[in-house]
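The exercises below ask you to work through a single protein chain with its sequence and its coordinates side by side. Try each task on your own before reading the solution that follows.

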Amino acid sequence: MKKLQFKSDINAPAAKVYKTMIGKETYKQWTAVFNPSSDFESGNVEGSWEKGSKILFVGTNKEGKREGMVGFIRENTPNRFVSIEYKGILDGDNEITSGPAAEEWQGFENYSFENNGGTTTVTVDIDVNDQMIDYFRETYPKALNKLKEICEAQPG
């Protein structure tokens with residue numbers, strides 16, 4: 001595992017950036033950069049970003065199979081900080097949280113929001129397995145640019 005960090009300055013208040021980053025519909029928009037079918041869910045129909053909640057990050061692969069990540073919200077301080085701990089992967093409807101396949105994906109993804117007088121600096125710190133480093137280095141900045149575009153285009 002390697003720790004990577006990505007930052008973006010967004011011309012919007014932290015509350016708006018936070019809400020856009022984790023909001024059900026806007027989440028799908030900015031994470032479509034990773035996978036056009038990106039979404040999240042939990043034991044409920046919709047995922048919960050509440051501290052302690054299990055959350056599944058899901059999408060379909062090129063063959064149309066459902067896949068994704070199994071995570072838990074370890075911290076959520078609205079408009080300031082969100083910490084997700086990944087415990088494994090989703091393979092179809094199977095949650096794999098032990099063994100080599102799961103271990104390759106276990107780690108944290110943290111979002112920090114720093115308000116700077118109308119501008120918000122979003123910092124993403126993420127644990128990445130070795131085979132995904134180049135992908136995330138290329139793709140995460142594009143996803144944050146999409147988040148910036150959404151935040152800055154929407155009024156209020």
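Lys51 is exposed, with a relative accessible area of 56%, where exposed stands for over 50% relative accessible area, buried for under 20% and partly exposed for what lies in between (1.4 Å probe, protein chains only). The model is a predicted one, in which local features need pLDDT of at least 70 and side-chain atom pairs count only at pLDDT 80 or more, while totals for chains, interfaces and linings use all residues. Residues are numbered from 1 along each chain as its sequence is written, and side-chain values use heavy atoms, with hydrogens and water left out.

**Exercise 1. Salt bridges**

Task: Find which side chain meets Lys51 in a salt bridge, and place both residues in the chain.

Solution. Begin with the criterion, which asks for a side-chain nitrogen of Lys or Arg within 4 Å of a carboxyl oxygen of Asp or Glu; a search of the whole structure gives 14 such salt bridges. The partner of Lys51 is Glu75, at 3.4 Å from N to O. Next, locate the two residues: Glu75 belongs to strand 4 (residues 66-77) and Lys51 to the loop between strand 2 and strand 3, so the pair links distant parts of the chain, 24 residues apart. Helices (H or I, at least four residues) and strands (E, at least two) are here DSSP runs, numbered from the N terminus. Finally, check the surroundings of the acid: Glu75 is partly exposed, at 28% relative accessibility.

Task: Compare the accessibility of the two partners in the salt bridge between Arg74 and Glu85.

Solution. The side chains of Arg74 and Glu85 meet at 2.7 Å, N to O, and they join strand 4 to strand 5 across 11 residues of sequence. Arg74, with a relative accessible area of 32%, is partly exposed, whereas Glu85, at 17%, counts as buried. A further step is to look for shared partners, and here salt bridges join Lys24, Glu25, Lys28 and Asp39 into one network.

**Exercise 2. Aromatic pairs**

Task: Classify the ring pairs that Tyr140 forms with Trp30 and with Phe34.

Solution. Rings of Phe, Tyr and Trp (its six-membered ring) pair if their centres lie within 6.5 Å, and planes under 30 degrees apart count as stacked, over 60 as edge-to-face and the rest as tilted. By this rule there are 17 aromatic pairs. The centres of the Trp30 and Tyr140 rings are 6.4 Å apart and their planes stand at 45°, so this pair is tilted. Trp30 lies in helix 2 (residues 24-31) and Tyr140 in helix 4 (residues 133-153), so the pair ties together parts that are 110 residues apart in sequence. Both residues turn out to be buried, Trp30 at 0% and Tyr140 at 1% relative accessibility. Phe34 and Tyr140, by contrast, form an edge-to-face pair, with 5.0 Å between centres and 70° between planes. Phe34 sits in the loop between helix 2 and strand 2 (39-41), 106 residues away from Tyr140 in sequence, and is partly exposed at 22%. As a last step, place these rings in their wider setting: Trp30, Phe34 and Tyr140 are among the members of one aromatic cluster, which also includes Phe6, Tyr27 and Phe40.

**Exercise 3. The buried face of a helix**

Task: Identify which residues of helix 2 are buried, and explain why they line one face of the helix.

Solution. The buried residues of helix 2 are Lys24, Thr26, Tyr27, Trp30 and Thr31. Seen down the helix axis they fall within an arc of 165°, so they line one face of helix 2; the arc is that of the directions from the helix axis to the C-beta atoms. An α-helix has 3.6 residues a turn, so residues three or four places apart point the same way. To see what covers this face, look for contacts (heavy atoms within 4.5 Å): the cover includes helix 1 (14-22), strand 2, strand 3 (54-60), strand 7 (107-116) and helix 4. Helix 1 is itself mostly covered, with 7 of its 9 residues buried.

**Exercise 4. A residue inside a strand**

Task: Decide whether Ile84 is buried or exposed, and list what Ile84 touches.

Solution. Ile84 lies in strand 5 (residues 81-91) and is buried, with a relative accessible area of 0%. Leaving out residues up to four places away in sequence, the residues that Ile84 touches include Trp49, Phe57, Phe72, Phe108 and Tyr111.
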